[in-house]
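Here's a quick tour of a protein model, written for someone who'd rather look at side chains than at tables of statistics. Keep the viewer open while you read.

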Amino acid sequence: MSASEGISLPGNEETTPPHEKHKQKAKKAKKKSRSAKESVPNAMDAKATASFFSLSIVGQIVSATFPLGPDKEFVFLRYEMVAGPDWQLCSGPQHGLTQLATNRRGHFNEPIVFNMPIEVTFKSTSPYGWPQILVSVFGRSGLGRETLLGYAHIHLPVFGSRRPADQTEQLQAPILMPKCPNMMADITSWLLRREPELKDPKVLLDNLKCKGLSMESYGSLQFQLSAVMRGARKLGYHWHS
């Protein structure tokens with residue numbers, strides 16, 4: 001009679017007890033579940049490998065000051081957020097327009113208050129092309145005629161305000177007025193009663209492009225801005241205020 005006919009020979013019997021078999025199966029199941037968990041990427045690890053940082057700005061355009069007084073009765077501002085190619089505006093308006101404001105009821109060189117709120121969020125992979133606010137200042141006479149009064153621009157802050165919350169820290173930017181390049185253009189501007197304007201005000205943001213421009217300081221703009229930055233250290237940028 002052969003062993004294949006159901007005769008158990010010595011050494012062929014299974015010596016493992018039933019409860020030990022159950023333990024071994026449980027261990028194998030745990031190993032499979034661990035390997036499955038390790039293969040799935042963790043959400044925290046995905047955050048740690050973020051490829052961009054964000055910059056949130058909250059504040060306002062407070063006022064405009066003209067030491068010799070504005071040429072027009074009313075003043076208003078148009079602003080635009082300008083940034084480099086690596087920057088993307090995630091939230092907030094890129095353009096804005098303030099209300100008409102005046103200081104005729106006070107002294108001629110008192111600040112003209114706007115209190116225009118600004119709240120934007122950018123994201124980028126590089127600090128190159130750091131965002132700026134480009135402001136065009138316009139005046140309007142009582143008859144409704146609008147005239148350019150100048151341009152101003154300022155970089156968005158890197159850090160938040162260093163002062164307590166009950167104290168305001170204001171940033172200032174000069175208001176620059178373009179001047180005519182020669183006497184003939186100056187006479188033409190006087191006859192037409194039109195101040196010279198820039199075809200593209202963004203040239204003021206590039207030092208190479210604005211070479212040769214004749215500009216005159218006409219006043220200043222006051223800003224109150226604070227910044228919150230996230231994710232810069234993960235990309236290797238270590239800025240200290």
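What follows goes from the overall fold to one strand and its partners, and then to the aromatic residues.

First off, this is a predicted model. The protein has three helices and nine strands. Reading from the N terminus, the order is α-α-β-β-β-β-β-β-β-β-α-β. Of its 241 residues, 31% count as buried. Look at contacts with a separation of 6 or more, and 77% of them come from residues 24 or more positions apart. The exposed surface comes to about 16,300 Å², with carbon and sulfur atoms supplying 54% of that.

**Strand S5 and its partners**

Now find strand S5, which covers residues 112–124. Strand S1 (residues 53–65) runs antiparallel to S5, and eleven bridges join the two. One spot to check there is Ile57, which stands opposite Val120 in S5. Strand S3 (residues 88–91) is also antiparallel to S5, this time with three bridges. In that pairing, Leu89 sits opposite Phe122 of S5.

S5 has a quirk too: Asn115, found in this strand, has a positive phi of about 50° even though it isn't a glycine. Asn115 is partly exposed, at a relative accessible area of 41%.

**The aromatics**

How many aromatic pairs does a search of the whole structure find? The count is five. Phe53 and Trp87 make an edge-to-face pair, because their planes sit at 85°, and over 60 degrees counts as edge-to-face; their ring centres are 5.6 Å apart. This pair links distant parts of the chain, with Phe53 in strand S1 and Trp87 in the loop between S2 (74–82) and S3, 34 residues apart. Phe53 and Trp87 also belong to one aromatic cluster with Phe122 and Trp130.

Phe76 and Phe138 form a stacked pair, 5.5 Å from centre to centre with 15° between the planes. Here the link runs from strand S2, home of Phe76, to Phe138 in strand S6 (residues 132–140), a separation of 62 residues.

Are the rings in these two pairs buried or exposed? Buried means under 20% relative accessible area, so each residue below makes the cut:

| Residue | Relative accessible area | Status |
|---|---|---|
| Phe53 | 0% | buried |
| Trp87 | 8% | buried |
| Phe76 | 5% | buried |
| Phe138 | 13% | buried |

Phe138 has another neighbour to look at: Arg78 lies over the face of its ring, 4.8 Å from the ring centre. Likewise, Lys123 lies over the face of Phe52, at 4.8 Å from the ring centre.

Definitions and conventions:
Residues are numbered from 1 along each chain as its sequence is written. This is a predicted model: local features need pLDDT of at least 70, side-chain atom pairs count only at pLDDT 80 or more; totals for chains, interfaces and linings use all residues. Side-chain values use heavy atoms; hydrogens and water are left out. Helices (H or I, at least four residues) and strands (E, at least two) are DSSP runs, numbered from the N terminus. Buried means under 20% relative accessible area, exposed over 50%, partly exposed in between (1.4 Å probe, protein chains only). Two strands pair if DSSP finds at least two bridges between them. Contact means heavy atoms within 4.5 Å. Accessible areas come from the Shrake-Rupley method with a 1.4 Å probe; for residues, only the protein chains shown count as cover. Rings of Phe, Tyr and Trp (its six-membered ring) pair if their centres lie within 6.5 Å; planes under 30 degrees apart count as stacked, over 60 as edge-to-face and the rest as tilted. A charge sits over a ring if NZ of Lys or CZ of Arg is within 6 Å of the ring centre and within 35 degrees of the ring normal.
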